[in-house]
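User: Please guide me through this structure by means of questions and answers.

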Amino acid sequence: MTTQKPLVQINDLHLYFDSFDGQSHVLDGVNLTVNRGDILGIVGETGSGKTMTALSIANLMPGGKLTGEVWFDGENVLQKRGADLRRFRASRLGMIFQNPTTNLNPVFTIGELLIDAILTQQYDVAGWQLMSVGKWLNRGLRKQAREKAIELLNLVGIPDPAQRLSQYPHEFSGGQKQRVLIAMALAGDPDLLIADEPTTALDVAIQAQILRLIQRIVEEREMSALLITHDMGVVAKICTRVAVMYGGVVVEDAPIEAIFSNPQHPYTRGLLRAIPSDEMQHGDLQGIPGSPPSFLSPPSGCRFHPRCPERLEHCHIAPPAVVHINDESHSVACYLHTDEKRKSFARD
Amino acid sequence: MSIEIAPAQTATVQQEHNLGRIVYRFRQTPLSLVGLAMVVFIVLVGIFGPFFVPFPEDTTGNTRMEARLSEPDDTYFWGTDEVGRDVFSRTVVATRTSLLIAVIVLVIAIAIGVPLGAISGFMGGYVDEAIMRITDIFLTVPALVLAMAMATALGSGMVNAMIAISLVWWPGFARLTRGQVLALREQDFIESARAVGASSPRIIFRHVLPNVLSPVLIKASTDMGFAILVAAGLGFIGVGVQPPRPEWGVMISEGRNMLREAWWISVFPGAAMFITVLGFNLLGDGLRDIFDPRMRQ
Amino acid sequence: MVNYILRRLILIVVVLFGLSILTFVITRIIPADPVRLAAGPRASDEQVEALRVQYGYDKPLIEQYINYITDVLQGDLGSSVVLRREVGPDLQRFFPATLELVIASLLIAVAVGIPLGLISAVFREQWPDHLARLLSLGGVSLPSFWLAIILQLLIAFSVSWIPITGRYPRIATPPDTITGMYVIDSIFALDFDALRTTLTYLLLPAICLSFGALAVVARTVRADTLEVLNTDYIRTARAIGVPEIVIVLKYALKNASLNTLTQVGLFFGFTLTGSVLVESVFSWPGIGTYAVTAALNKDFVPLMGVTLLIGFAVVVINLLTDLLYGVLNPRIRYES
Amino acid sequence: MTDPLLEVRGLKKYFPVRGGPLRRVVAYNKAVDGIDLSIMPGEIVGLAGESGSGKTTVGRTILLLTKPTEGKVIFEGRDLASLNARELNRTRERMQIVFQNPFSALNPRMTVRTLIEEPLLIHKMGNAKERDQRVRELIALVGLNDEHLNRYPHEFSGGQQQRIGIARALALNPKLLILDEPTSALDVSVQATILNLLLDLREKLDLSYLFISHDLGVLRYICDRIGVMYLGRIVEMASTQELFEKPQHPYTISLLSAAPRPTLQQNRHEIILQGEISQSAIGQGCRFSPRCPATQIDTCKTDEPSLDEWREGHRVACHLTHQNLPLNIVTVSGEIYTGE
């Protein structure tokens with residue numbers, strides 16, 4: 001495991017958007033690694049940049065200026081264009097998003113959507129073959145794809161798959177739609193499943209079903225997964241590693257056990273203290289005062305310093321470097337852990 | 001009648017509140033800038049043009065048979081018509097006529113349509129059903145045809161043309177407002193107002209109508225162009241504005257039979273009208289793009 | 001689905017009933033006295049009164065309306081005072097010409113407008129978009145009757161084989177009437193000379209008329225496509241690697257064209273409006289020309305006939321659109 | 001024992017479902033289907049449930065924002081149905097609501113000052129100076145300050161907007177606040193500050209809350225008592241501690257077991273409910289029976305269980321509990337959970 005090269009390596013990712021108010025700096029040097037077999041959770045609040053980071057792995061940004069590198073199994077994704085990019089997305093990545101209802105095209109049957117997904121991903125057919133005319137010309141290919149579609153629906157736990165292929169998305173319940181989307185994402189036998197808040201729109205019981213499904217699939221198919229969520233509870237349930245993001249930066253990155261038992265960044269600690277847990281009495285819960293940082297005029301230095309309860313005098317000067325603690329697997333970007341600097345400032 | 005198009009979700013609520021933002025967005029759409037420039041120019045011509053035209057008397061019945069059918073030259077920039085009137089002067093003065101008609105038509109249409117639409121959307125039930133069926137009836141017959149029938153019945157002339165067009169124009173605004181109100185009604189802030197005890201009139205006037213304003217104004221911008229076209233169409237047929245008052249449709253109609261000998265009589269007023277309508281359309285289209293949350297990225 | 005159709009039909013009856021009241025009100029209650037107009041300027045008061053009784057205008061309004069609607073339901077739309085002809089047969093004669101013209105120009109509008117709208121949407125805020133929008137907005141801003149005149153002028157000087165007025169050569173006999181639409185009739189008759197002739201006559205007015213609807217089609221397609229291209233499901237399609245051309249021409253176009261379809265009634269009405277003016281410029285023998293003549297003569301009865309007919313046509317088109325939409329859109333909820 | 005501040009008896013709210021060519025009512029969506037609830041002065045009562053359980057409708061019906069189909073709402077000893085319009089308006093001053101999405105609950109075209117002042121204006125309270133005084137007081141109460149008053153809602157973060165929403169709700173000095181998922185649109189770090197603010201305000205202003213939420217962790221933290229709703233009915237109601245330690249209804253048990261917990265000690269007895277909530281389950285028998293993971297008895301399919309007292313202060317609507325039968329639920333790990 002450790003000797004293997006990581007599946008995804010993100011280096012110094014910056015993202016800028018131009019708007020009326022000026023340029024917003026949405027990602028501020030993201031570094032992130034997804035190892036093979038990991039279910040990596042990216043946790044962060046609204047606007048922490050977690051979704052943008054995930055989209056950059058698919059080079060699926062909604063505009064904006066992106067710099068940095070995203071290495072996927074030895075290839076730089078951000079340099080891919082056109083057919084190359086498309087083929088990459090089709091065969092290496094599967095993505096699912098938050099709201100299953102808006103993510104399924106309402107005017108096509110589940111079968112049509114799945115078969116298209118399978119055809120693009122498995123056979124890399126030409127565009128016209130997916131068009132309506134193609135339907136009549138590729139019967140053999142389509143029949144094969146249909147078999148595979150039934151197989152996939154079985155895999156994600158949809159009963160009666162053959163019948164349901166001819167139904168439209170609105171005939172499926174929310175949880176089932178998310179299952180169908182997972183099936184579509186799996187069509188190309190991807191190496192990495194990116195799930196962006198996959199259960200936020202669903203109820204607790206359905207959420208549990210879907211999380212278990214993702215966990216099972218990742219294990220069975222020997223994939224890796226990237227799970228984006230704001231919910232530490234979801235992370236605790238299925239992730240093996242966690243990256244905590246704040247204000248467009250990864251502030252802490254550690255195995256799941258370390259995050260919960262030994263959180264190192266003040267923000268991580270704050271986040272954990274802000275979630276009601278079983279034994280809490282009134283007054284035990286502690287929020288993080290202040291508001292999330294603005295991207296237009298982000299705080300200088302460490303972006304968390306204005307809200308940080310353990311702020312040092314120099315935190316606002318320059319962003320802290322990433323340091324490893326204990327062993328290589330736990331890293332944190334915080335001056336509390338850059339020992340030399342701490343000493344030198346303490347002397348002043 | 002036709003399928004109810006779902007009111008744009010949260011249509012007005014996310015609108016920009018900051019003029020600067022609107023200007024910024026506006027500047028990113030060059031076509032709407034061009035449209036704005038054209039509209040400003042046309043409006044200026046409409047207001048001040050008549051004071052500066054070379055032959056103001058030509059717009060009030062004066063004829064000049066000795067100069068009839070003069071080609072465009074230094075005296076008559078755009079030539080003269082069959083009875084020697086200066087096409088340029090008449091075209092400029094007609095700008096005011098058309099703008100005036102369109103503005104009045106829209107004011108009346110908004111004054112009728114917006115409250116009716118608001119009531120319809122806010123009250124729901126049978127009131128809504130009744131108002132919507134009435135708008136259906138008016139929307140069934142194209143504006144020009146109904147206006148033609150009404151203008152014929154009421155008698156020709158500018159005022160009657162305005163009344164006729166207004167009467168067929170309000171249903172569009174009623175529909176638009178109703179859709180907006182339906183979308184707004186789902187907003188929590190309306191519920192919140194009811195929770196603190198606000199009366200229905202207060203909710204309509206303080207909370208609903210201000211939020212409906214922008215889409216109405218955008219529609220008004222585009223509709224300016226169409227109203228001008230319909231008014232000119234009536235003039236062209238001969239049931240709209242009556243001579244000698246200069247009006248583009250009438251002028252085009254007058255020059256129609258002289259086309260081979262004196263193309264300028266029809267061409268210039270038509271071109272002026274085209275520029276005017278285009279300006280309003282470009283402007284309206286740009287505004288729609290800025291405000292329509294459906295088109296946001 | 002059955003409920004949906006039934007509800008549409010009930011609404012149609014309601015609207016047509018309202019329309020008949022509207023036309024009735026226009027003819028009977030409006031200030032100008034139709035009887036005096038009909039009687040002519042030199043008629044004495046007694047003569048006018050006699051005529052009033054003869055036309056039934058002296059009866060209470062309700063009774064007048066009942067008579068009116070009974071007549072209309074029997075297909076009797078009254079007689080033109082000026083032309084001294086029945087309106088019904090006239091409309092029957094002229095309407096196919098209008099329908100042919102409107103359909104031809106709608107076809108042009110759709111054939112050009114959809115690609116234009118798609119191009120605009122795909123290249124949003126880039127030069128192809130600006131160009132396409134300028135074209136379509138320019139088209140809708142052109143006064144159709146003025147454009148018609150200009151085209152006549154230009155064509156008359158340059159292209160001799162395109163006729164600039166009329167629907168068919170005066171001296172020739174049109175193909176046997178089956179539908180009254182010459183294009184279709186000549187195809188039925190397998191008379192390809194007639195077809196060619198018909199098409200050359202149709203060309204100019206149809207193009208002229210298509211500009212308005214074209215812009216509306218293009219704008220609708222653009223807006224709908226933009227909306228669709230921004231949806232989550234398109235992002236999902238991109239994420240799984242569906243080629244961009246498929247995304248635009250299959251996924252987005254189907255959604256967008258369904259939305260656009262709901263507006264066909266609008267396009268139809270739009271084109272009918274333009275048709276009134278364009279017909280009269282090109283001397284196209286349709287109900288537009290008929291209506292304009294009637295309007296100029298202050299001849300109410302034919303005008304009301306045209307209004308009713310157009311209203312009816314629009315209602316029917318809307319119904320067909322709704323039904324088609326219901327069939328094509330799997331998601332439509334008839335009951336809500 | 002004091003009298004309850006609010007008492008709800010047999011509350012029902014059916015929304016008509018129209019169909020057919022004439023849009024006649026062909027069915028009812030039984031959003032709330034018979035609910036009893038009471039809130040004592042100073043108490044925080046929670047209402048838990050999935051989307052579709054009707055919990056939001058309960059809140060709106062209590063405020064008479066929608067008319068109840070059946071049932072009584074008794075506030076401060078008076079039946080709201082018996083009040084005339086003026087008295088009802090007076091009552092409105094004493095019962096307010098805070099919404100889930102703070103941005104959509106604030107008219108975007110009004111400044112914060114106008115938003116907070118509006119209730120005072122509507123109820124004609126004080127003169128301009130007094131109102132200004134009151135607005136300043138309120139804005140300080142929720143942890144914002146005077147300079148925020150002249151801004152518009154969109155200039156604030158979600159947490160601040162919710163504070164403004166709370167200030168507006170407090171303007172009329174209410175006794176009862178209905179909090180409809182007040183923190184679920186907010187980030188957790190902000191949620192915590194709002195929850196603490198609400199607890200503070202209860203102490204300071206002697207308020208009672210009906211706290212509606214799908215988040216069991218939040219409810220556990222803030223509530224004194226909790227009712228669990230399923231398809232328009234309360235299936236279990238108990239004090240917070242009792243509910244979390246001795247859940248009796250199979251639905252409550254499953255919910256608690258499946259709720260994500262932010263700790264490494266995951267629930268050993270995780271139960272995953274199959275299927276989804278659906279109105280079609282209302283009819284014969286227990287409405288939860290189609291999804292019930294417990295071993296069912298015949299009565300489950302035939303009779304709707306009533307919400308009966310199981311032990312003091314703990315009511316459950318389940319035949320198994322009523323008949324003292326074991327639950328026998330198979331958990332994900334394969335063990336059998338019997339409900340102790």
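The following exchange treats a chain as a whole, then a sheet, a helix and two single residues.

User: What kind of model is this, and how are residues and chains labelled?
Analyst: Residues are numbered from 1 along each chain as its sequence is written, and chains are lettered from A and ligands numbered from 1 in the order in which they are written. Side-chain values use heavy atoms, without hydrogens and water, local features need pLDDT of at least 70, side-chain atom pairs count only at pLDDT 80 or more, totals for chains, interfaces and linings use all residues, and the model is predicted.

User: How many helices and strands does chain D have?
Analyst: Helices (H or I, at least four residues) and strands (E, at least two) are DSSP runs, numbered from the N terminus. Counted in this way, chain D has eleven helices and 14 strands.

User: What radius of gyration does chain D have, set against that of a compact globule?

Analyst: The radius is taken over C-alpha atoms, and the globule rule is 2.2 Å times the number of residues to the power 0.38. For 340 residues a compact globule would come near 20 Å, and the value for chain D agrees with this. The radius of gyration of chain D is 21 Å.

User: What percentage of the residues in chain D is buried?
Analyst: A residue is buried under 20% relative accessible area, exposed over 50%, and partly exposed in between (1.4 Å probe, protein chains only). Of the 340 residues in chain D, the buried ones make up 56%.

User: Which strands are the edge strands of the open sheet of four strands in chain D?
Analyst: Two strands pair if DSSP finds at least two bridges between them. The order of this open sheet in chain D is E2-E1-E4-E5, with antiparallel pairing. Pairing on one side only marks the edge strands, which are strand E2 (24–39) and strand E5 (78–79) of chain D.

User: Which residue in E4(D) is the bridge partner of D:Val8?
Analyst: Strand E1 (residues 6–19) and strand E4 (residues 70–75) of chain D run antiparallel and are joined by five bridges. In one of the pairs, D:Leu6 has D:Phe75 as its bridge partner in E4(D). For D:Val8, the bridge partner in E4(D) is D:Val73.

User: Which residue in the turn between E4(D) and E5(D) has a positive phi?
Analyst: E4(D) and E5(D) pair in the antiparallel sense over two bridges, and D:Phe75 stands opposite D:Arg78 in E5(D). The two strands form a hairpin with two residues between them. The residue in the turn with a positive phi, of about 50 degrees, is D:Glu76.

User: Why is helix H9 of chain D described as largely enclosed?
Analyst: Helix H9 covers residues 250–258 of chain D. Its buried residues include D:Pro250, D:Tyr251 and D:Ala258. The helix is largely enclosed by the rest of the structure because the number of its nine residues that are buried is nine.

User: Which residues of chain C does A:Thr102 touch?
Analyst: A:Thr102 lies in the loop between strand E6 (93–96) and helix H3 (110–123) of chain A, and at 33% relative accessibility it counts as partly exposed. Contact means heavy atoms within 4.5 Å. Not counting residues up to four places away in sequence, A:Thr102 touches C:Asp232 and C:Tyr233.

User: Which residue of chain C is in contact with B:Thr222?
Analyst: B:Thr222 is found in helix H8 (residues 200–237) of chain B, and it is buried, with a relative accessible area of 2%. Leaving aside neighbours within four places in sequence, its contacts include B:Phe280 and B:Arg288. The contact in chain C is C:Arg219.
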